[in-house]
Amino acid sequence: MLFSSILFLCLFLSLTVLIYYLLPRRFRNLLLLITSLFFYAWGEPRFILIMLFSTVFDYSNGRLIARFRNNQGIKKFVLVTSLIVNLGLLCYFKYTDFAIENINKLIGTDFGLLSLALPIGISFYTFQTLSYTIDVYRGRVEAERNIIDFGMYICLFPQLIAGPIVRYTDIEKQIRDR
């Protein structure tokens with residue numbers, strides 16, 4: 001679904017805004033999370049699992065870092081694990097075929113390319129989840145306790161595929177009070 005399409009403008013966006021203002025405040029982030037996941041799934045439904053994994057994974061990492069805030073070893077382990085998993089996923093989808101091509105050219109092999117499709121918005125949500133985890137690690141923000149609010153922050157459809165990358169510290173208060 002494109003932002004400039006009639007379907008988006010006249011149906012999706014209009015219904016989302018209408019329902020948003022009809023709902024009590026406590027359900028608005030849930031609506032934005034659901035509509036954002038729907039919007040994302042419209043492009044390629046199978047990739048929503050990667051986004052959901054990243055969201056739950058780094059929500060959990062933030063909570064673990066907060067829980068072990070006085071144990072530098074565990075905190076650092078959680079942070080490093082987050083970096084490895086998130087950047088590993090990103091590199092897998094973005095650079096696997098590039099690496100295979102170069103290996104084939106460099107040493108004369110004929111490994112087949114995987115022809116991986118790039119999940120829409122993977123760079124944006126990967127760097128958003130990482131910036132959150134890093135900010136929790138550094139003590140710049142408290143770990144989010146509500147997974148719906150965190151999920152809405154990561155998946156919000158107006159910025160997910162077009163950017164910019166929004167740091168949690170910049171909108172933390174707006175997530176609950178706008």
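## Helices H3 and H6

Helix H3, which covers residues 48-67, packs against helix H6, residues 147-155, at an angle of about 130°, and their axes lie 10 Å apart. The model described here is a predicted one. Angles that fall outside the parallel, antiparallel and perpendicular ranges count as oblique, and H3 and H6 are therefore oblique to each other. The crossing in which H3 passes H6 is right-handed.

On the H3 side, the residues that meet H6 are Met 51, Thr 55, Val 56, Asp 58 and Tyr 59. On the H6 side, their counterparts are Ile 147, Phe 150, Gly 151, Ile 154 and Cys 155. By character, the residues of this contact comprise seven nonpolar, two polar and one charged.

## Overall architecture

The chain contains eight helices and zero strands. Followed along the sequence, its pattern reads α-α-α-α-α-α-α-α. Taken along the principal axes, the C-alpha atoms occupy a box of roughly 60 × 50 × 20 Å.

The chain has 178 residues, of which 41% count as buried. Its exposed area is about 10,400 Å², and carbon and sulfur atoms supply 66% of that area. Among contacts between residues at least 6 apart in sequence, 69% join residues at least 24 apart.

## Helices H1 and H2

Helix H1 (residues 6-22) and helix H2 (residues 28-43) have axes that come within 9 Å and cross at roughly 165°. That angle makes H1 roughly antiparallel to H2, since the term applies to angles over 145 degrees. The crossing of this pair is right-handed.

From H1, the contact draws on Leu 7, Phe 8, Phe 12, Thr 16, Ile 19, Tyr 20 and Tyr 21. From H2, it draws on Arg 28, Leu 31, Leu 32, Thr 35, Phe 38, Phe 39 and Trp 42. The residues of the contact of H1 with H2 divide into 11 nonpolar, two polar and one charged.

## Two serines in H3 and H4

Ser 82 belongs to helix H4, which spans residues 72-107. Its relative accessibility is 0%, and Ser 82 therefore counts as buried. When neighbours within four places in sequence are set aside, the residues in contact with Ser 82 are Phe 57, Asp 58, Asn 61, Leu 130 and Thr 133. Among these partners of Ser 82 is Asp 58, a residue that also takes part in the contact of H3 with H6.

Ser 60 is located in helix H3. With a relative accessibility of 32%, Ser 60 counts as partly exposed. Ser 60 and Thr 96 are 36 residues apart along the chain, and their C-alpha atoms are separated by 27 Å.

## Gln 128 in H5

Gln 128 lies in helix H5, residues 122-138. This glutamine has a relative accessibility of 1% and so counts as buried, the cut-off being under 20%.

Leaving aside neighbours within four places in sequence, Gln 128 is in contact with Tyr 153, Ile 154, Gln 159, Pro 164, Ile 165 and Val 166. One of these partners, Ile 154, is among the H6 residues that meet H3.

## Ile 175 in H8

Ile 175 is part of helix H8, which runs over residues 168-176. Its relative accessible area is 3%, so Ile 175 is buried. Residues touched by Ile 175, not counting those up to four places away in sequence, are Asn 29, Asp 149, Met 152, Tyr 153 and Tyr 168. Tyr 153 is one of the residues touched by Ile 175 and is also in contact with Gln 128.

The C-alpha atoms of Ile 175 and Phe 150 are separated by 8.5 Å, although the two residues are 25 apart along the chain. Phe 150 is itself one of the H6 residues that meet H3.

## The loop between H4 and H5

Ser 115 is placed in the loop between H4 and H5. Its relative accessible area is 59%, so Ser 115 is exposed, as the term covers values over 50%.

The backbone of Ser 115 deserves a separate remark. Most residues other than glycine have a negative phi. Phi of Ser 115, however, is near 50°, a positive value in a residue other than glycine.

Definitions and conventions:
Residues are numbered from 1 along each chain as its sequence is written. This is a predicted model: local features need pLDDT of at least 70, side-chain atom pairs count only at pLDDT 80 or more; totals for chains, interfaces and linings use all residues. Side-chain values use heavy atoms; hydrogens and water are left out. Axes are lines fitted to C-alpha atoms, for helices over the stretch in contact, and angles run from 0 to 180 degrees between N-to-C directions. Helices (H or I, at least four residues) and strands (E, at least two) are DSSP runs, numbered from the N terminus. Angles under 35 degrees count as roughly parallel, over 145 as roughly antiparallel, 65 to 115 as roughly perpendicular and the rest as oblique. A crossing is left-handed if the near helix is turned anticlockwise from the far one by less than a right angle, and right-handed if clockwise. Contact means heavy atoms within 4.5 Å. Ala, Val, Leu, Ile, Met, Phe, Trp, Tyr, Cys and Pro count as nonpolar, Asp, Glu, Lys and Arg as charged, and the others, Gly among them, as polar. Buried means under 20% relative accessible area, exposed over 50%, partly exposed in between (1.4 Å probe, protein chains only). Accessible areas come from the Shrake-Rupley method with a 1.4 Å probe; for residues, only the protein chains shown count as cover.
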